[in-house]
Amino acid sequence: MRLFFALWPGDETVAALSAVAEEAARRWGGRPMRPETLHLTLAFLGEIEPGRLNQAEEAADGIDAKAFDFSLDRLGYWPHNHIFWAGCTRREVRLQGLAQELGDRLRERGFALERRSFSPHVTLVRKMAAAPQPLPDLPACRWHCGEFTLVRSLSAGSGVEYQKLASWKLG
Ligand code: 2AM
């Protein structure tokens, strides 16, 4: 099972981000993410034996974070994977803290997460050949984070499908 923990945006954020994704793909090419697939990954577990699912859930059960808001307020492009994304200009301490705590608890249980630092982003367009010049501005997009979700990524004929397995409310 290919698993990851993520935040799923509310309807307003989805509408704002998918409009940006559609417009960007129209102007600069690539494949826009479908609205229902837009998310922000907190921790990527990769391929996991189904028998270890409960360990991943156990890691999430112990999270003791409060709900918080943050802003997506910039667009960016990564040439190494041709992803056009929305992210944060400032360091969002609560978001970083949640990802850190979850990552630590997963590592304690033997999950091999990436060592590279957490770069919060929402992928908007995949397979964009080159960076838009200049990068457009993103009107700040507020996101209320009241829960996080364990998600299974499934290959579907046309691409990828995400199946939400469980969610955890933040206090
Ligand atoms: P991406 O959108 O930047 O590609 C499901 O694949 C989610 O896990 C996506 O948000 C994807 O990020 C992320 N992901 C895939 N491979 C990853 C990796 N090796 N490290 C961290 N995140 C990864």
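Is T13 buried or exposed? T13 is buried, because its relative accessible area is 7% and the cut-off for a buried residue is under 20%. The model is predicted. The points below cover an open sheet of four strands, the helices that pack on that sheet, the largest nonpolar core, the setting of T13, and some backbone details in loops.

**The four-stranded sheet**

- The strands of this open sheet follow the order 3-1-9-10, and their pairing is antiparallel.
- Strand 3 and strand 10 (159–169) are the edge strands, each pairing on one side only.
- On average, neighbouring strands of the sheet are turned by 25° against each other, direction ignored.
- Helix 2 (residues 53–61) packs on the sheet and touches strand 1, strand 3, strand 9 and strand 10. The direction of helix 2 makes about 50° with that of strand 10.
- Helix 3 (residues 93–108) also packs on the sheet, where it touches strand 1, strand 3 and strand 9. The direction of helix 3 makes about 20° with that of strand 3.

**Strand 1 and its partners**

- Strand 1 covers residues 2–7, and five of its six residues are buried, so the strand is largely enclosed by the rest of the structure.
- Six bridges join strand 1 to strand 3 (residues 40–47) in the antiparallel sense.
- Within this pairing, A6 has T41 of strand 3 as its bridge partner.
- Strand 1 also pairs with strand 9 (residues 147–156), in the antiparallel sense and over five bridges.
- Here L3 stands opposite R152 of strand 9.

**The nonpolar core**

- The largest nonpolar core consists of 48 residues.
- F5 and F148 are the residues with the most contacts inside this core.
- With neighbours within four places in sequence left aside, the contacts of F148 include F5, A6 and L7. Among the others are L42, A60, I63, L98 and L102.
- F148 is also in contact with A166, S167, W168 and L170.

**The setting of T13**

- T13 is part of helix 1 (residues 11–28).
- The T13 side chain reaches the backbone oxygen of R142 at 3.2 Å.
- Apart from its neighbours within four places in sequence, T13 is in contact with C141, R142 and W143.

**Backbone details in loops**

- Most residues other than glycine have a negative phi, and most peptide bonds are trans.
- The peptide bond from Q133 to P134 is cis, with omega near -10°. P134 sits in the loop between strand 7 (121–126) and strand 8 (141–145).
- K127 is found in the loop between strand 7 and strand 8. Phi of K127 is near 60°, a positive value in a residue other than glycine.
- K127 is exposed, because its relative accessible area is 60% and the cut-off for an exposed residue is over 50%.
- H82 lies in the loop between strand 5 (74–78) and strand 6 (83–87). Phi of H82 is near 60°, again a positive value in a residue other than glycine.
- H82 counts as partly exposed, with a relative accessibility of 34%.

Terms used. Residues are numbered from 1 along each chain as its sequence is written. This is a predicted model: local features need pLDDT of at least 70, side-chain atom pairs count only at pLDDT 80 or more; totals for chains, interfaces and linings use all residues. Side-chain values use heavy atoms; hydrogens and water are left out. Buried means under 20% relative accessible area, exposed over 50%, partly exposed in between (1.4 Å probe, protein chains only). Helices (H or I, at least four residues) and strands (E, at least two) are DSSP runs, numbered from the N terminus. Two strands pair if DSSP finds at least two bridges between them. A polar contact is a pair of N or O atoms within 3.5 Å; within protein, one must be able to donate a hydrogen and the other to accept it, and residues adjacent in sequence count only if both atoms are side-chain atoms. Contact means heavy atoms within 4.5 Å. A nonpolar core is a set of buried Ala, Val, Leu, Ile, Met, Phe, Trp, Tyr and Cys residues joined through side-chain atoms within 4.5 Å. Axes are lines fitted to C-alpha atoms, for helices over the stretch in contact, and angles run from 0 to 180 degrees between N-to-C directions.
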